[in-house]
Amino acid sequence: MKEQHCLPVALLCLGVLSCSQVLGTERLSHGSPSLHGHLEKGKEGQLLHRSKRGWVWNQFFVIEEYTGPDPVLVGRLHSDIDSGDGNIKYILSGEGAGIIFVIDDKSGNIHATKTLDREERAQYTLTAQAVDRNTNRPLEPPSEFIVKVQDINDNPPEFLHENYHANVPERSNVGTSVIQVTASDADDPTYGNSAKLVYSILEGQPYFSVEAQTGIIRTALPNMDREAKEEYHVVIQAKDMGGHMGGLSGTTKVTITLTDVNDNPPKFPQSVYQMSVSEAAVPGEEVGRVKAKDPDIGENGLVAYSIIDGDGMDMFEITTDYETQEGVVKLKKTLDYETKKSYSLKVEAANVHIDPKFISNGPFKDTVTVKIAVEDADEPPVFLKPSYIFEVQENAASGTVVGKVHAKDPDAANSAIRYSIDRHTDLERYFVINAEDGNIKTIKTLDREEMAWHNISVFAVEVYKQHQEAKVPVAIKVIDVNDNAPKFAEAYDAFVCENARSNQQFITISADDKDDSANGPRFIFSLPPEIIHNPNFTLRDNRDNTASVLVRREGFSRQKQDLYLLPIVISDGGVPPLSSTNTLSIRVCGCDGGGSLLSCSAEAYALSAGLSTGALIAILACIVILLVIVVLFVTLKRQKKEPLIVFEEEDVRENIITYDDEGGGEEDTEAFDIATLQNPDGINGFMPRKDIKPEYQYLPRPGLRPAPNSVDVDDFINTRIQEADNDPTAPPYDSIQIYGYEGRGSVAGSLSSLESATTDSDLDYDYLQNWGPRFKKLADLYGSKDTFDDDS
């Protein structure tokens, strides 16, 4: 507590001494401009006024963070015209005047009423003025002065970050820069040592050190090994007051990680690896794995494996699994336990990336011996050849030997083998195999023209272990024998014109042979010896497997003979050769002058003597036209046009010419409708039609018929028309519609004009004017009695 109170008191005394020294050295006495000024003559005779300030002026200081019970005296303002009688009043204005700083208007003493903080504000600018107390007349011009807040060490240093992270390679030299930490102090760096910082290390020795002035952290020990310790925690302190006692301090934590370098070679944990593999393993199958340990990480720990020596270099290979950093030993070729039972390999593991700076640490590789034992496996039989090809002549007798297959047991037991044919490959059962010695024989006659190759499969099975079997393909070629005579290549349709010239060629023929090319072409064409001097035709061999047939004479006639048969002998080139006689049919036809075919039938030739073809066509066309006309006439004759309305019988009353009986209206039951009598079926509104058969009986829609007492005849007629238009049973022609809505009980009364001229009626027909335009004519005729009298 004493130290805390002594420091502010000492600082306060120091400030007072500083103020006194300044007041003693910078005190100025100035006269009032109105009372103490004097005149000076200028260069041009102008009078210049030189005023003399009357303030005792200086720069004031106040210590920050003062917490005493009384206001702090900042300083005193005094004018040399102040005689001490109290007539002068001092006024203070500016920043903080009246709030922070107050002045005694009589003595001019300035006090600070609040605690000041330099870090918030370092100085204040104020204005002082002396006025007459009674008149408030300024006695001196206002002048500005500054009050500076004097700093004390009240802010500890603060680092930019609470935690730092840094990396440095392992094995770094002493003094290698790791990271720089920086702290700041809010105190005034221009006054005293309050902001002068010194860095030191609190934790992290002896591995690291820090520069006191810069805050740079450096390595302090050589050959730090990441594999021994990877991460370090360092605490750095920053202290102000130049690091002396009484200064404030702050700390930060720095996490330093050693990064890896390739300073460790790979090492196998053992000198020999033992592995085994079955002789039945296939190439590419994994045999085993080896691993060299490297404490380095990342690319510095990558290891590549290789086989550098051993009797199994040709049988095995090794690859690198970079995910597990293991060497994978794989089979390269097929093994045989009976031939060699073990192999030895020398495997090397080497770093992929080597750092030249650490090459002196030794070779970054290691070797190990891998011994591989071959395990015996129960292997299936093995054929001496991967496939067999045999030949046999077609038409060979049943039981002919085709060939022999042979297999053996590769195991040391050398079990006996039995053979069989896969019947799925020999469905017709052309062959059989001897189960003991593997001889294949025919059991049917083979035909090359039917199947030139037979592809079968043969099984070899161990006698005592039938699950061990092998399969081999056997291809059997059927050798051709000249057993097919040549024939015409197609069915030829030959003809010769009646007007053909002698030695004229009219067809070229070729042959076909099912045998192989060795027993087929070349073909030889000839006529049989008995007709070699045929008087009609001759044959010429073109020596290209074709022959031409020529006419030997002229003057062929269809009437005499319309068809000739020419035998032709065709021989092949086989050994021995085969031949066949083929008959060529030759028709005699009529041709035009250019040799184009016209007709080949004898009947057509006979008709052509009587009528020409055009005449025959014209006659046939006329006959067809006549037949069509007769058919149409008969059809039209049979058709009878009947009326659309079906009447069961004629009505004798249809002869009535006039009918002038006036109906009695709806209440008159004595009147009758002649149309109803003519068509009794239409009583209920149904009239049968022949062209359209009604599907249902039409019922008038309710609501369309006007009420009996209605006087709107126009609506009544429109309703009737709409019903007639929508009636599907009505005839398809116009008909007279009968309306019985008149007579007694009808508002309209009778519309008949009978006896209207001779009867004196008191009926008023003026209402016809309201019936619409259709009754306009009636309204004009029967409008009113006066009008009628006038017209008459």
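This tour of a predicted model visits two open sheets and then one buried serine.

Begin by selecting residues 272–278 and 303–310, which are the strands β19 and β21. They belong to an open sheet of four strands, ordered β19-β25-β24-β21, in which the pairing is mixed. Because β19 and β21 stand at the edges and each has a single partner strand, one side of each is left without a neighbour in the sheet. From one strand to the next, the twist averages 30°.

Next, add residues 365–375 to the selection, which brings in β25, a strand that runs parallel to β19 and is joined to it by seven bridges. To see one such pair, pick Ser 276, whose bridge partner in β25 is Ala 373.

Now move to residues 286–290 and 316–321, the strands β20 and β22. Here three strands form an open sheet in the order β20-β23-β22, with antiparallel pairing. Both β20 and β22 stand at the edges with a single partner strand each, so one side of each is left without a neighbour in this sheet. The twist in this sheet averages 25° from one strand to the next. Selecting residues 326–331 shows β23, which runs antiparallel to β22 and is joined to it by six bridges; within β23, Leu 331 is the bridge partner of Phe 316.

Finally, centre the view on Ser 548, which is found in strand β40, residues 546–551. With a relative accessible area of 2%, Ser 548 is buried, and its side chain makes a polar contact of 3.4 Å with the side chain of Gln 505. Leaving aside residues up to four places away in sequence, Ser 548 also touches Ile 507, Thr 508, Thr 538, Leu 539, Arg 540 and Asn 542.

Notes
Residues are numbered from 1 along each chain as its sequence is written. This is a predicted model: local features need pLDDT of at least 70, side-chain atom pairs count only at pLDDT 80 or more; totals for chains, interfaces and linings use all residues. Side-chain values use heavy atoms; hydrogens and water are left out. Two strands pair if DSSP finds at least two bridges between them. Axes are lines fitted to C-alpha atoms, for helices over the stretch in contact, and angles run from 0 to 180 degrees between N-to-C directions. Buried means under 20% relative accessible area, exposed over 50%, partly exposed in between (1.4 Å probe, protein chains only). A polar contact is a pair of N or O atoms within 3.5 Å; within protein, one must be able to donate a hydrogen and the other to accept it, and residues adjacent in sequence count only if both atoms are side-chain atoms. Contact means heavy atoms within 4.5 Å.
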